Amino acid sequence: MANENKPIHGVWGSRWVFILAAAGSAVGLGNIWKFPYMTGANGGAAFVMMYLLCIVAVGVPIMVAEVMLGRRGGMSPVNSMLRLARDNGVNSRWAGVGALGALSGFLLLSFYTVIGGWTLFYVWEMVSGALVHASATEVQGAFDGMMANVWLVLGGHTAFMAMTMFVVGCGVIHGIERAVRILMPLLFVLLAVLFGYALTSDGFDDAVRYMFAFDIAKLSGASVLAAVGHSFFTLSIGLGAIMAYGAYMPREVVTRSGQRKPVSIGSTVLAVAALDTLVALVAGMIIFPIVFANGLAPGEGPGLLFVTLPLAFAEMPLGMLFGTLFFVLVVCAAWTSSISIAEPPVAWLVEKGFSRPKAAILIGLLAWTLGIGSALSFNVLSDYTLFGKTFFGLMDFLTINIMLPVGGLLIAIFAGWIMKETQARKELAMKSFGLYMVWRAMVRVFAPLALMLVFAFSLWQALAPAGDAVPAEPVVDEAPVAPQAERPVEGDVPAAAGVPE
Ligand code: TRP
């Protein structure tokens, strides 16, 4: 292994390209599909507040840690972790953090592209005007019909996987950098247009109130934990995607006046997290006004994006145009995310001697094959369940609720407790010592505690008998519960996290 830290995969053209790529990874189905429906299902503003708190207190510190490990390691997550373990004189099993990430990426990719395929289909539904003036039953029927259509779902999955692997196969600079340089500005323009439209809508005030009128009584233990979990899914942390992107981040940039300037990880990550949060909030402020203006229910669940919203587009003036723009936006967001999920395993194979196109094709084919199980979970295999979950449900649960928190926890522990402090400080290149100390406290103590809590909750949820499952509607907890992230939840919440009943 070479000793100098020059990444073989390439280096982003500038700090801004890293920001675009990382924001491209972070902004995805999590922001536009999951965040609004989770907000709806968890009582609106109470969930939004918790989510913001988690982003700042758990998500950002771990994201900083992950980027730092990546830039220090300079390779795919597996080999970066191996190198860092050796540098710090600890067991090389720490490379397992990278391997776990590559594996979670592989699993996550296999079903992310299935949902990506739905979004492609919805672009078609909007462009073709198939849903114009459709009734609620018809819109619901279109969604059910799509899911029941094996060939359609498989076709979408195949197309989305091919789009993803095409970009990853073209390489970091010629593929990923080029894609995010085009798709991210497009995404922001579309978002601005749709937001402008939402601003003029009748439902805007209701939506703002719904999202920001914080009512502590609506906060439940379950929604706090959902917020922690979602905060690192949405920031793409815990799987090595951001670590891989960090490996391609320049250490120094030359300013216009010709000076060399170190690239600080802290401020860069803050920019990414801010963009991600902004997009989630704006997505909410695009979706909820449409929902409220049409007298629809916000707590629809996963169908919010694919049923509720198309129903609104079916009714409103220029709905075909705005519906198309909206789903193009979702496709761009999901595409730049799936690219980042695929990068760690592909980069690993490249380091093993594969050419990039071959590595991308191989990972793509394998993940595509596994994804067939998820695609069929909505139709022919829908009756086959294990622990009450379909194949898709299991994959989703295993990666998002178990593998990501474990990955995030290990990353925090390595960065906070194992890596030599001098190395960490040098790599971070933070200007303010005070902020550095805040980060260190968060990554050593607060973030691991919060993650262990999420993890315990996930396990409890998995093992609890079906009847005990957390209700979609939050249980109202009368007591103020602000500092809950550190201790098990008590009171009339269904059950304390991590304490099986
Ligand atoms: N953050 C993306 C979203 O919000 C999903 C994603 C991309 C992701 N890369 C990831 C999640 C890495 C976890 C880990 O949709």
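Does Arg356 count as buried or exposed, and at what relative accessibility? Some notes on that and a few other spots, bearing in mind that this is a predicted model.

1. Arg356 first. Its relative accessibility comes out at 11%, and because the cut-off for buried is under 20%, Arg356 counts as buried. You'll find Arg356 in helix H15, which covers residues 356-376.

2. Who sits around that arginine? Leaving out residues up to four places away in sequence, Arg356 touches His9, Val168, Gly169, Gly171, Val172, Tyr248, Glu343, Val346, Ala347 and Val350. With His9 there is also a polar contact, side chain to side chain, at 3.3 Å.

3. Trp12 is worth a look too. With residues up to four places away in sequence again left out, its contacts include Val172 and Tyr248, and both of those also appear among the contacts of Arg356. The rest of the Trp12 list is Val17, Phe18, Ala21, Ile173, Ile176, Glu177, Tyr245, Met249 and Pro250.

4. On to the largest nonpolar core, which has 166 residues. Trp12 turns up here as well: together with Leu69, Leu305, Phe326 and Phe327, it touches the most other members.

5. Then there's the second largest pocket, with about 390 Å³ of space. It is lined by 18 residues, and Val60, Gly266, Leu270, Met430 and Leu435 are the closest to its centre. Helices H3 (45-73), H12 (265-293) and H18 (433-463) are the elements that each give two or more residues to the lining.

6. As for the character of that pocket lining, 13 residues are nonpolar, four are polar and one is charged.

Conventions: Residues are numbered from 1 along each chain as its sequence is written. This is a predicted model: local features need pLDDT of at least 70, side-chain atom pairs count only at pLDDT 80 or more; totals for chains, interfaces and linings use all residues. Side-chain values use heavy atoms; hydrogens and water are left out. On a 1 Å grid over the protein atoms alone, a cavity is a set of points where a 1.4 Å probe fits but cannot get out, and a pocket is an open set with protein on both sides within 12 Å along at least five of seven lines; lining residues have an atom within 4 Å of a point. Grid points are joined across faces, edges and corners, and a volume is the space filled by probe spheres set on the points. Helices (H or I, at least four residues) and strands (E, at least two) are DSSP runs, numbered from the N terminus. Ala, Val, Leu, Ile, Met, Phe, Trp, Tyr, Cys and Pro count as nonpolar, Asp, Glu, Lys and Arg as charged, and the others, Gly among them, as polar. A nonpolar core is a set of buried Ala, Val, Leu, Ile, Met, Phe, Trp, Tyr and Cys residues joined through side-chain atoms within 4.5 Å. Buried means under 20% relative accessible area, exposed over 50%, partly exposed in between (1.4 Å probe, protein chains only). Contact means heavy atoms within 4.5 Å. A polar contact is a pair of N or O atoms within 3.5 Å; within protein, one must be able to donate a hydrogen and the other to accept it, and residues adjacent in sequence count only if both atoms are side-chain atoms.
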